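Colleague: I should be grateful for a close examination of one part of this model, with attention to ring contacts and helix packing. Please begin from the question that I put below the display.

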Amino acid sequence: MRKGKSNWLLLLPMYLFTILFVALPIVYMFLLSFLSRAEVWGVDFTFTLDNYKKILEPLYLNTFAESIKLALISTGLIVLIGYPYGYIMARMSAVWKKRMLLLIMIPFLTSALIRLYGWIIVFRSNGVLDKILMGLHITDAPLKLLYSYPAVVVGMVYSLLPFMILAVYSSAEKLDFTLVEASRDLGASSFKAFWTVSFPLTLPGLLSGVVLSFIPSMGLFFIADILGGNKIVLVGSVIQEQLTKGRNQPFAAALSAVLMILTSLMISLYKKLTGSSQLEGTML
């Protein structure tokens with residue numbers, strides 16, 4: 001009994017933290033989403049579904065569609081770059097693994113906002129990229145890349161790529177590469193050995209990287225604001241505007257609730273896929 005009581009006391013701070021800073025704010029957000037905005041300031045404690053009905057308007061549906069589209073494009077590029085990087089890094093020697101990990105971690109020592117403002121120097125007219133392209137005679141005139149859709153995509157990929165690399169690396173490092181060598185000895189080509197052995201066993205890491213990239217990319221509105229010049233409006237931008245300028249807390253809560261539901265569905269799909277992939281890996 002004493003041991004069980006001591007274990008319960010050790011877990012008590014974690015339970016209190018979860019209740020106070022996770023569960024209660026979520027409950028408060030959902031309750032707030034069913035209230036009305038007061039005429040002057042604050043909230044009118046009257047139950048209503050108007051906040052969720054308002055989300056069905058074309059303006060806000062297009063915002064959700066644009067956010068999902070940007071998240072899909074960014075995540076696709078992150079997969080194409082991050083998976084090979086993480087997989088190859090896992091096969092390097094211990095010395096080179098440390099060096100490559102150091103290259104990934106160094107940017108985190110600087111504020112994300114400062115790093116994004118650095119991209120403004122790169123993308124602006126007659127900036128670093130324009131000078132390189134014109135120096136190589138690829139372009140004859142400065143490009144208008146800043147405050148464009150490609151600039152926002154690059155910002156998303158740059159900010160979220162390390163999460164994909166680290167997720168794939170942690171999964172590939174645990175891979176027993178003797179299984180790949182055995183498949184090669186049995187006559188499988190390099191591609192077939194990778195596709196039938198390496199890829200299924202590293203799929204959980206890939207899927208976790210997709211989740212860590214897709215979910216934040218729907219709400220990182222400051223990237224769209226800095227590199228897109230307010231031309232690209234995401235769900236996070238609308239929530240911020242409703243809280244600061246519109247002062248419509250219930251509608252902002254409703255938008256947040258819908259966004260949370262979408263991300264929860266994404267996490268549920270991830271759990272389902274990782275469960276099936278682990279089963280396939282066990283069968284292999």
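Is Phe194 buried, partly exposed or exposed, and what is the relative accessibility of Phe194?

Modeller: The model is a predicted one. Phe194 has a relative accessibility of 21%, and because a residue counts as buried only under 20%, Phe194 is classed as partly exposed.

The surroundings of Phe194 are best described through ring contacts. The structure contains 15 aromatic pairs. One of them joins Tyr83 to Phe194 in an edge-to-face arrangement, with 6.1 Å from centre to centre and 70 degrees between the planes. This pair connects distant parts of the chain, since Tyr83 belongs to helix 3 and Phe194 to helix 9 (residues 190–217), a separation of 111 residues. In contrast to the partly exposed Phe194, Tyr83 is buried, its relative accessible area being 8%. The two rings also belong to a cluster: Tyr83, Tyr87, Phe177, Phe191, Phe194, Trp195 and Phe199 are linked by ring pairs.

A further aromatic pair lies within a single helix. Trp119 and Phe123 are stacked, with ring centres 5.3 Å apart and 25 degrees between the planes. Both residues are in helix 5 (residues 112–123), where a spacing of 4 residues places them about one helical turn apart. Phe123 is buried, at a relative accessible area of 7%.

Charged side chains also lie over aromatic rings. Lys69 is placed over the face of Tyr149, 5.5 Å from the ring centre. Arg99 is likewise over the face of Trp96, at 4.7 Å from the ring centre.

The helices that carry these residues may now be considered. Two packed helices are described by the angle between their axes and by the distance between those axes. For helix 3 (residues 58–90) and helix 7 (residues 149–173), the angle is about 40 degrees and the axes are 6 Å apart. Helix 3 is therefore oblique to helix 7, as an angle of about 40 degrees falls outside the ranges for roughly parallel, roughly perpendicular and roughly antiparallel. The contact between helix 3 and helix 7 comprises 23 nonpolar, 3 polar and 3 charged residues. The crossing of helix 3 past helix 7 is right-handed.

Helix 7 packs against helix 9 as well, at an angle of about 160 degrees and with the axes 8 Å apart. Helix 7 is therefore roughly antiparallel to helix 9, the cut-off for that class being over 145 degrees. The crossing of helix 7 past helix 9 is again right-handed.

Ser170 offers a further point of reference in helix 7. Its relative accessibility is 33%, so Ser170 counts as partly exposed. The C-alpha atom of Ser170 is 9.1 Å from that of Tyr87, although the two residues are 83 residues apart along the chain. Tyr87 is also one of the residues in the aromatic cluster that includes Tyr83 and Phe194.

For the wider setting, the protein chain has 12 helices and 2 strands. From the N terminus, the order of elements is α-β-β-α-α-α-α-α-α-α-α-α-α-α. The C-alpha trace spans about 75 × 75 × 35 Å along its principal axes. Of the 284 residues in the protein chain, 37% are buried.

Note on methods:
Residues are numbered from 1 along each chain as its sequence is written. This is a predicted model: local features need pLDDT of at least 70, side-chain atom pairs count only at pLDDT 80 or more; totals for chains, interfaces and linings use all residues. Side-chain values use heavy atoms; hydrogens and water are left out. Axes are lines fitted to C-alpha atoms, for helices over the stretch in contact, and angles run from 0 to 180 degrees between N-to-C directions. Angles under 35 degrees count as roughly parallel, over 145 as roughly antiparallel, 65 to 115 as roughly perpendicular and the rest as oblique. A crossing is left-handed if the near helix is turned anticlockwise from the far one by less than a right angle, and right-handed if clockwise. Ala, Val, Leu, Ile, Met, Phe, Trp, Tyr, Cys and Pro count as nonpolar, Asp, Glu, Lys and Arg as charged, and the others, Gly among them, as polar. Rings of Phe, Tyr and Trp (its six-membered ring) pair if their centres lie within 6.5 Å; planes under 30 degrees apart count as stacked, over 60 as edge-to-face and the rest as tilted. Buried means under 20% relative accessible area, exposed over 50%, partly exposed in between (1.4 Å probe, protein chains only). A charge sits over a ring if NZ of Lys or CZ of Arg is within 6 Å of the ring centre and within 35 degrees of the ring normal.
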